[in-house]
Amino acid sequence: MKAPSLKRWLGVFLILVLFALGVVLVRHRRKFVTASYELQLHQLQEQVLALEKAGHNTQCARQILTETDWLMDNAPDFNRIASRLQDLRNLLQDPAAQNIPDEQSESDGSWGRCYTEWFFKLDASYNEIAALADKNQVPKIPCRFLDQINSPEKLTNHLNNLLISDLATDGIDRGREFNETVSDLFRLVLRHQPANYPFHPQLKDVFLDFLMNRARNPDTGYCGEWFKTGNSITKTDRLSITFHIISYLKGDVTDWPKVINTTLAIKDKIYPDGWLSHHGYVNHHNMDVVVLFRYGWNHATPAQQAAIRVELHKMLDWCLKESLQPDGSFRSREEESLEETEYFGTAFLARLGYFDKTRRYWTDEDFPDAPAAKERIATYIRAHLNSGGEGGSYYRDALKDLGEKAP
């Protein structure tokens, strides 16, 4: 048998070099395109934030921003990202379209007209359904969008599909979708909202069994998404979804010592694994921690309670000195609407017991500046109710947290 000629070896080598070069070029192109879209998104975020500060209706624009931001981080489909960015540009050039109210869809009974993802529409719909329930009202159009999860089999399959992310297969991180879906469906199903929707009678039990016996980590007491790598599964412990489950169950869970230990152990980690953003504290995450500690306080050891006091003091000092502004607003973050920012800052202080001593589970000290701060915050909220990036639902909830009557 003849040995391969030098020419043949050179040909094979050239093919391998070209293949490797192609891989490198594809990766660099992907990074370049990603960076370009991130810059475009950042510029549009600034435009929308400026409009909200000026008192304009930005609800639809904020929905597109939220979905595009999620696509950038969790579902890298460049065609969809480009399409959503263009949708936002078109909207910003049409003031009349911006002012169209987010009304219930006649086709499926959902809200969230500027979303395209089902779970984001679910989130927008929950806010509207809950607001109607507060007034003992129900949606006028049947909420048919809930039909796709309205059986034990449908709900279980849907949650199983969201629980596990297989990045090597499709590149999609399902963590946020899992969290948002669980948060909204949990409240709707447990509270039977809307009251005129025929939820399957076994749906609540199936939901609780899935969360407590499948999604929850028995070693930490936390819940979180799973990541599949080959044939192995890695489970995560996520602050946000754990907060949602425990708060909606009003603290009625087992393994509280593990939950408290885990919560303290992740205090220096970056979200979603911990409490912090890349810039430090965030009122949103701090609110989650405060609520977890409130439900777990009577289950905590004296040593755990001492550690909790230290951390809550740090959070409070940061909020009052760095986040709360003289006009009653809170320092905003680019990825949040002003309305969201105001809600989470208010909710953190309220649930910490800053305004109301009866909610001050962790300390007996007084806060003499609290009444003035409360008045500034309430005044700011009332002045911005009609220009909220979330349609006003977060502002109304913030007023409730302050003990004020919401319009």
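A residue is called buried here when its relative accessible area is under 20%. Cys-319 has a relative accessible area of 0%, so this residue is buried. The structure is a predicted model, and the same cut-off serves for the other residues discussed below.

Cys-319 belongs to the buried set of helix H13, and that helix is a convenient place to begin. H13 runs over residues 302-323, which is 22 residues. From its first C-alpha to its last the helix reaches 30 Å, close to the 32 Å expected at 1.5 Å a residue. Its buried residues are Gln-304, Gln-305, Ile-308, Glu-311, Leu-312, Met-315, Leu-316, Cys-319 and Ser-323. Viewed down the axis of H13, these residues fall within an arc of 140°, so they line one face of the helix. Pro-302, Ala-303 and Lys-321 are on the other side of H13 and are exposed. The partners of the buried residues are H11, H12 and helix H14 (338-352), against which they pack.

Helix H14 contains Thr-346. With a relative accessible area of 0%, Thr-346 is buried. Leaving out residues up to four places away in sequence, Thr-346 touches Phe-330, Phe-355, Ile-377, Ile-381, Ala-398 and Leu-402. The side chain of Thr-346 also has a polar atom that lies 2.7 Å from the backbone oxygen of Glu-342.

The other two partners of H13, namely H11 and H12, are joined by a loop that holds both Pro-272 and Ser-277. H11 covers residues 256-265 and H12 covers residues 283-296. Tyr-271 and Pro-272 are joined by a cis peptide bond, with omega about 15°. Further along this loop, Ser-277 has a relative accessibility of 15% and therefore counts as buried. Apart from neighbours within four places in sequence, Ser-277 is in contact with Ile-270 and Val-282. Its side chain reaches the backbone nitrogen of His-279 at 3.0 Å.

A second cis peptide bond runs from Gln-193 to Pro-194, with omega near 0°. Pro-194 is in the loop between helix H8 (175-191) and helix H9 (203-215). These bonds deserve a remark because most peptide bonds are trans.

Backbone torsions give two further residues to inspect. Most residues other than glycine have a negative phi. Asn-136, which is not a glycine, has a positive phi of about 55°. This residue is found in the loop between H5 and helix H6 (152-163), and its relative accessibility of 75% makes it exposed. Asp-255 is not a glycine either, and has a positive phi of about 65°. Asp-255 sits in the loop between helix H10 (239-248) and H11. At 32% relative accessibility, Asp-255 counts as partly exposed.

The remaining cysteines can now be taken up. How many disulfides does the model contain? The count comes to 1 disulfide. The bond is formed by Cys-60 and Cys-114, whose sulfur atoms are 1.7 Å apart. The torsion about their S-S bond is about -90°, so the disulfide is left-handed. The pair links distant parts of the chain, the two residues being 54 residues apart. Cys-60 is in helix H2 (residues 59-74), whereas Cys-114 is in the loop between helix H4 (95-98) and helix H5 (118-134). Why do Cys-60 and Cys-114 count as buried? Cys-60 has a relative accessibility of 6%, and Cys-114 has a relative accessible area of 7%; the cut-off is 20%, so each is buried.

Cys-143 is in no disulfide. The nearest cysteine sulfur to that of Cys-143 belongs to Cys-114 and is 19 Å away. A disulfide needs sulfur atoms within 2.5 Å. Cys-143 is also buried, at 3% relative accessibility.

Helix H2, which carries Cys-60, also contains Gln-59. With a relative accessible area of 14%, Gln-59 is buried. Not counting residues up to four places away in sequence, Gln-59 touches Asp-102, Gly-389, Glu-390 and Gly-391.

Conventions:
Residues numbered from 1 in each chain as written. Predicted model: local features only at pLDDT ≥ 70, side-chain atom pairs only at ≥ 80, totals over all residues. Heavy atoms only, no water. Helix = DSSP H or I, 4+ residues; strand = E, 2+ residues; numbered from the N terminus. Buried < 20%, exposed > 50% of the residue type's maximum accessible area, 1.4 Å probe, protein only. Expected span 1.5 Å × (residues − 1). Arc of directions from axis to C-beta. Contact = heavy atoms within 4.5 Å. Polar contact = N/O pair within 3.5 Å; in protein donor to acceptor, adjacent residues only side chain to side chain.
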